[in-house]
Amino acid sequence: MSDIFKGYKDLIPESILEEVKINLPDKCSDAKVKKILEKVYQEYRQSFAEPGESVGLVGAESIGEPGTQMTLNTFHFAGVSELNVTTGLPRIIEIFDGRKTIGTGMMEVYLKKPYSEGKDIKKLAESIKESKMEDFIQEISINITNLQMTISLNKSKLEIANLKEDKIAKILEKGIKKGFKFKTKDGIIEITPTSKDEPLNEIYKLKEKIKDVYISGIKGITQVLPVKRGNEYVIVTAGSNIKDMLKHDFVDPERIISNDLYEMEKIFGVEAVRQVIINEVLKVLDTQGINIDIRHIMLVADTMTMSGTLMGINRYGIVKEKPSVLARASFETPVKHIINAALTGEVDYLNSVIENVMINQLVPVGTGLPGLVTKTK
Amino acid sequence: MTEVYLDNKFVGTIKNPEDFVDRIVSERRMGKLPITVNAAYNKEIDEVKVEIASGRSVRPLIVVKDGKPYITEKHIDQLKKNEITWSDLVKQGVIEYLDCTEEENALVAFKEEDLTTEHTHLEISPLSIVGIATSFVPFGNYNHGVRLSQGAKNQKQAIGFYIANYYTRMDMDVSLLHYPQYPIVKTLMHDTLDYEKHPSGQNIIVAVMSYQGYNMEDAIVINKGSVDRGLARSTYYRPMIAEELRYSGGLIDEISIPDKDVKGFRTEHDYRMLGEDGIIHPEAVIAEGDVIIGKSSPPRFLSSMDEYNLTSSSRRESSLALKHGERGVVDFVVLTENSEGNRLVQVRVRDQRIPEIGDKLTSRHGQKGVISIVIPEENIPFTASGIRPDIIFSPHGIPSRMTMGHLLESLAGKTGALLGRRIDSTMFESENEEDIKKELLEMGFAENGTETMYNGITGERYMARIFIGEMYYLKLKHMVANKVHSRARGPIQLLTRQPTEGRANEGGLRLGEMEKDTFIAHGTALVLKERFSADNTIVPVCEQCGMLGIYDARRDRSFCAVCGEDAEISTVEMSYAFKLMLDEIKSLAVYPKLKLEGKY
């Protein structure tokens, strides 16, 4: 029987063959197996897109039509630390446009062995979160006579972040330009200016500045949420910074994933971006209860990544790459394209659809594609 | 101390706000203050507001004290005998007007039975919670709110007897209903507003059943016999106006049959209806293209005339003719002059409109529908007593819309029609449903309004009993005759050579970008090409320079303006829009060079 299967190895994909194998009845004669496989092969061939099928346009219609039903809902997480995530149509537009700055960056950080089982998960998560000075401040007071600023720190927060006041003082000293002296007491930091001219003014400026000083955690990560997925713990973050995240050795570098296409491209390459596009679009469509064949989305993802770098579906991205001047001119800023084409003496070979619709020639799609070739004797 | 505001301006403070307001109100009721003065004390923010400004909307209510309305039987008797009027009641303080400020402190009873000692006012009629148009809806209190307002809206579009002196008027775009009737199922408002003098519908028999699927989705099946007898027939009036305008240089338009040498002269045939004065006769039957008022205008550019046209007058033809698809009979001709003393001719054209497929009818419950088929009378189902409905209404229109009033009207109408009396169906104060049913039962009909009916085609009895009754139906002013539009060939635009747009211009129906996409998605390239070839042209193209050549018809040969007479020229078929684009690109000082290649 396995010989019969081997015969179809090159004709039918392995996954389908495997499925047939599993679903075969216990007793099945070779002739019957052969018959089944022949039928499967026929079905498989029939499901192919025919030559000349305008898959791109069908894909665009297939995504566009249900897209009109999509609402502008934002998706809400249950729980205390709620994250407001861009989903729905805005998110889809964001992905297909290939935007550099996205609404809400998010990472899913998978962890290595002892941590993935939940060890110190809260503490780990908290340590990732970017914290600024203002998170630790309980009170700031300025003594005008002594020319001194006193900051009392929030002790419980210090404990969670595993920091001491002198450590913070050191970070502050680094983060602020020179001209101040730092003294630490139990939970209190005293700052006095060293410069002579207008020290009071300087202190007031410092008061605002000091709140913004970065203390610990990973830059860009504003919120963290440890989630149990299957039987392991995953940290979901709001804000994306894969590069810094990978510096921590508790992170599983093979499974970390971000929804920021550009970041994914920078670190994991264009193939990864393709997969992220597919996953992210499917995720949005799932929450909206819209069912689109994955192949349409895969085609979009392929188109966006086929040049080797990520390109959005807009006039700066894939439309710019079209070889036809007329096709480009038919989509936004026509004069610019015509003038530039004139400057470089571009030739339009009328190989694609839109150009031919303009001139009212047969479009090279469907029935317009095949030609008749006769041999003259 | 409480602050007092007069028309939202601070005027002072008082100690006892409640007494102050009470005094204003009682003095107003006594007639010492104007009836439009309103005052209210707002406890929460401790402010008294007195309003006297004009432009506030106020509404009348009956004053109530200790659970008893000020209006008594005596008042009502006097009113009936015409001894007192409304304004007397207002003067006596029985009825007063409240604005939105004072209404905040009033507790208004909806009906007299609802009165308690707490109440301060009583509605004059429960009907006053809805507007005038809405109160025309019979049994409105049984309907869903949305349908109520839709029903009211539909009635505004109904064709009726809108004004009695219509024959002297030149109203634009109006219709008159033939044989309008006063509704059997009426409301208080019908009586109050003399609806009998300007009705806008007809009492007809409606059966609720399906008819071969022709009344799906709000479609209406109509009886041809009823149509022939004049059901929902109307006349459409449309005035046409022509003026003798004056131009600079003492020139003037002339209303007359244009001379043959006038520029743009139509055919003799088109002017055949005109009298000697160039104006059409009344009662002339006209169709599209026929001239109604013959007119010619002076030439447009006087200066250029001297150079080229020394001999002929070259006046322009500017007659008024019926547009594409219009027809009718000349109803009325008026000769007068406008405010500047110029001659003015107005012609009113009338057109009889017999209900046809696509005309819009509605009941008074927001149950509008379009005629989908006109069935010969012999094929219409009939009842045991031989009654055939005028209209067959689909039962699927009822459950989701919850217009119970529609059903009740049908039932009440049936009872009223059989008894020969009108039924009062005023909202909240209508005749009792049970009583109506009882009357129907006494006459030997099923009290639920159903009857045994027979298939008009086969004569077989229907298994189900059919709900059939009488309703007041309105014909709405949206008629297909004013809306139908189709085109195979027709006028094109000068610039793009593409078909014109819109019904008025006999335009094409645009096959837009998304429609184009569907052809591509189907792979039907040849259909796409054919559909877009409305503006196709054949142009000569120079093989050498790639520019468009010029065709010289006199010598029947093409040449290139750049390369000269001997250049090799090929003819190419392309859309005129593309040729236009090439010209526009040239205007950008860009050289669009066409490289020609054999098709095969």
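Me: What distance lies between the C-alpha centres of domain 1 of chain A and domain 2 of chain A?

Reply: They lie 73 Å apart. Domain bounds come from an automatic or database domain assignment. For chain A, that assignment gives domain 1 (2-46), domain 2 (131-216) and domain 3 (325-368). This is a predicted model, where local features need pLDDT of at least 70 and side-chain atom pairs count only at pLDDT 80 or more, while totals for chains, interfaces and linings use all residues. Residues are numbered from 1 along each chain as its sequence is written, chains are lettered from A and ligands numbered from 1 in the order in which they are written, and side-chain values use heavy atoms, with hydrogens and water left out.

Me: Which domains does chain B have?

Reply: Chain B has domain 1 (2-124), domain 2 (136-233 + 357-475) and domain 3 (235-353). Domain 2 of chain B is written as two segments. The C-alpha centres of domain 1 of chain B and domain 2 of chain B are 42 Å apart.

Me: How many residues of chain B are in contact with chain A?

Reply: Contact means heavy atoms within 4.5 Å. By that rule, 22 residues of chain B touch 23 residues of chain A. Next comes buried area, the accessible area (1.4 Å probe) that two parts lose on being put together, summed over both. Chain B and chain A bury about 1,800 Å² between them. Carbon and sulfur atoms carry 73% of that area. Then look for salt bridges (a side-chain nitrogen of Lys or Arg within 4 Å of a carboxyl oxygen of Asp or Glu). Between chain B and chain A the count is zero.

Me: Where is Gly523(B) found?

Reply: Gly523(B) is in the loop between α11 (513-522) and α12 (525-531) of chain B. Helices (H or I, at least four residues) and strands (E, at least two) are DSSP runs, numbered from the N terminus. Setting aside residues up to four places away in sequence, Gly523(B) touches Val365(A), Gly366(A) and Thr367(A).

Me: Is Gly523(B) buried or exposed?

Reply: Buried means under 20% relative accessible area, exposed over 50%, partly exposed in between (1.4 Å probe, protein chains only). Gly523(B) has a relative accessible area of 8%, so it is buried.

Me: How many salt bridges does the structure hold over all chains?

Reply: There are 49. One of them joins the side chains of Arg229(A) and Glu108(A), at 2.9 Å from N to O. That pair links distant parts of the chain, 121 residues apart. Arg229(A) is in strand β10 (residues 223-229) of chain A, and Glu108(A) is in strand β3 (residues 106-110) of chain A. Arg229(A) is partly exposed, at 35%.

Me: Why are Asp583(B) and Lys579(B) separated by about one helical turn?

Reply: Because they are four residues apart in helix α13 of chain B. Their side chains meet in a salt bridge (3.1 Å, N to O). Helix α13 covers residues 576-587. Lys579(B) is buried at 17%, whereas Asp583(B) is partly exposed at 27%. Outside its neighbours within four places in sequence, Lys579(B) is in contact with Val539(B), Leu548(B) and Met574(B).

Me: Which salt bridge does Lys586(B) form with Asp583(B)?

Reply: Their side chains meet at 3.4 Å, N to O. Lys586(B) and Asp583(B) are three residues apart in helix α13 of chain B, so about one helical turn separates them. Lys586(B) is partly exposed, with a relative accessible area of 27%. Elsewhere, salt bridges that share partners join Arg91(A), Glu94(A), Glu280(A) and Lys283(A) into one network.

Me: How many aromatic pairs are found over all chains?

Reply: Rings of Phe, Tyr and Trp (its six-membered ring) pair if their centres lie within 6.5 Å; planes under 30 degrees apart count as stacked, over 60 as edge-to-face and the rest as tilted. The whole structure has 14 aromatic pairs. The rings of Phe139(B) and Tyr142(B) have centres 6.0 Å apart and planes at 70 degrees, so that pair is edge-to-face. Phe139(B) is buried at 1%, while Tyr142(B) is partly exposed at 32%. Tyr166(B) and Tyr167(B) also form an edge-to-face pair, with 5.6 Å centre to centre and 80 degrees between the planes. One aromatic cluster is made by Phe136(B), Tyr182(B), Tyr195(B) and Tyr472(B).

Me: What is the sign of phi in Asp173(B)?

Reply: Most residues other than glycine have a negative phi. In Asp173(B), phi is positive, near 55 degrees. Asp173(B) lies in the loop between α5 (145-156) and β10 (174-177) of chain B. Asp194(B) has a positive phi near 55 degrees. Its place is the loop between α6 (188-192) and β12 (202-208) of chain B.
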